[in-house]
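This report covers one protein chain, going from its overall make-up to a strand, a helix and the core.

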Amino acid sequence: MRPDEEASATSTDDGAVPPAAAACGVRPGSASPLTRRAMLAATGGLLLAACAQSTPRPSATASGLSPSPGGPAPTPSARPTPPSPSPSASPAPPVWPTREQLVQEFAGRKPKKFGIVVPGVVSEGRRDIALTFDACGGGRLGNGFDAKLIKLLEGHDVPATLFLNGRWIEANPTIAADLAANPRFELANHGWEHRPLTVTGKSAYGIQGTAGPGEAYDEIVRGIDALGEVTGERSPYFRPGTAWSDDVAVELAARLGVSVIAFTINGDAGATAPKRAVAANFGKAKDGSIVLAHFNRPEHATAEGLDKALPRLLDAGSVFATLTAALS
Ligand SMILES: [Zn+2]
């Protein structure tokens, strides 16, 4: 395995996908509340490979983060004051805990679970089908852009939620801005170093997780900040690199107003799955499914598989929604 790729290997339940080195590493969590069907899909879907492995940066690079919410905060003082008190005046924005506060608050906490679906992680929606596509960023292969896949979604007028890694945004600023300006898409946070979200430093697929509450904070907030520069908003959603996390780090994310998002169906096995398997995986989607795939590996077959599956799902009456709508 090259050091710039995430590990993984298993076989699908239908044997369609060869054991492959993979990526954003994903396999079913042991404590998953997933349905059997979803579990099969997740198991069969293998890992998430689209993400080239990162070379973790020193955490010190994140230590200077502002303790305030990542996205540009509303600046009421910059607006003209209305002549009379407005009954609809918005409340003051929440003040999020600082890195130092969370380091102190979570010091000594021992996780009970480490996996894809641990307590507090969201892996299913309430309605419709939420298609989610990750751009993992970093390394030799992580910063690609699958324009064909995005055009496909636009052509069918299908909404989706795109999880952007901060390094991918740095490498693709114009594309990121275009995606942010497209009302069809909701953008969400896929971290900075693309590491499992932990307070112990445990690894998934050979990628070391964040070691301690400070590093977990950095991974979340650096991603919030990078995305906030593009969207002007503070994303409430976070998907860790590899999609693995532990329950204490998920609790820490919640203190920052952030939900950790996993998936119901692994759509493209880290962008390693061939067209037929991608189509089959997406074909299993139903109301409440959160489907995971990648749009940073255009050389792989994710778009081709989606091209087969999407018309069938639409013909069958499937309704697609952004994560926010699907969770509402
Ligand atoms: Zn990823």
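How many helices and strands does the secondary structure of the chain come to? In this predicted model, the chain has 10 helices and 11 strands. Of its 328 residues, 54% count as buried. Among the contacts with a separation of 6 or more, 82% are accounted for by residues 24 or more positions apart.

**Strand 2**

Strand 2 spans residues 130-135, and 6 of its 6 residues are buried, so the strand is largely enclosed by the rest of the structure. Ala130, Thr132 and Asp134 point one way from the strand, while Leu131, Phe133 and Ala135 point the other way. Both sets are buried, Asp134 included. The pairings of strand 2 are set out below.

| Partner of strand 2 | Sense | Bridges |
|---|---|---|
| Strand 11 | parallel | 5 bridges |
| Strand 3 (residues 160-164) | parallel | 4 bridges |

In the pairing with strand 11, Thr132 stands opposite Leu292. In the pairing with strand 3, Ala135 stands opposite Leu164. The chain passes from strand 2 through helix 3 to strand 3, and this β-α-β crossover is right-handed.

**Helix 9**

Helix 9 covers residues 302-315, which makes 14 residues. From its first C-alpha to its last it reaches 20 Å, close to the 20 Å expected at 1.5 Å a residue. Where in helix 9 does a kink lie? The kink, of about 25°, is at Ala309, shortly before the proline Pro311.

The buried residues of helix 9 are Thr302, Ala303, Gly305, Leu306, Ala309, Leu310 and Leu313. An α-helix has 3.6 residues a turn, so residues three or four places apart point the same way. The kink residue Ala309 is itself buried. The buried residues of helix 9 pack against helix 3 (147-155), helix 8 (275-283) and strand 11 (290-294). Helix 3 is also the helix of the crossover from strand 2 to strand 3, and strand 11 is also a parallel partner of strand 2. After helix 9 comes Gly317, whose phi is positive, near 90°.

**Nonpolar core**

The largest nonpolar core has 81 residues. Which of them touch the most other members? They are Leu162, Leu164, Leu187, Ile220, Ala253 and Val291. Helix 6 (residues 213-231) gives the most to this core, with 8 residues.

Leu164, one of these residues, is the residue that stands opposite Ala135 of strand 2. Leu187 touches Leu162 and Leu164, along with Leu179, Ala180, Leu227, Val230, Thr231 and Ser235, leaving aside residues up to four places away in sequence.

Note on methods. Residues numbered from 1 in each chain as written. Predicted model: local features only at pLDDT ≥ 70, side-chain atom pairs only at ≥ 80, totals over all residues. Core = buried A, V, L, I, M, F, W, Y, C linked by C-beta atoms within 7 Å. Buried ≥ 20, exposed ≤ 12 C-beta atoms within 10 Å, placed from the backbone. Helix = DSSP H or I, 4+ residues; strand = E, 2+ residues; numbered from the N terminus. Contact = placed C-beta atoms within 7 Å. Expected span 1.5 Å × (residues − 1). Bend = angle between axes of the 7 residues up to and from the residue. Pairing = 2+ DSSP bridges. Right-handed = clockwise from strand over helix to strand, strands pointing away.
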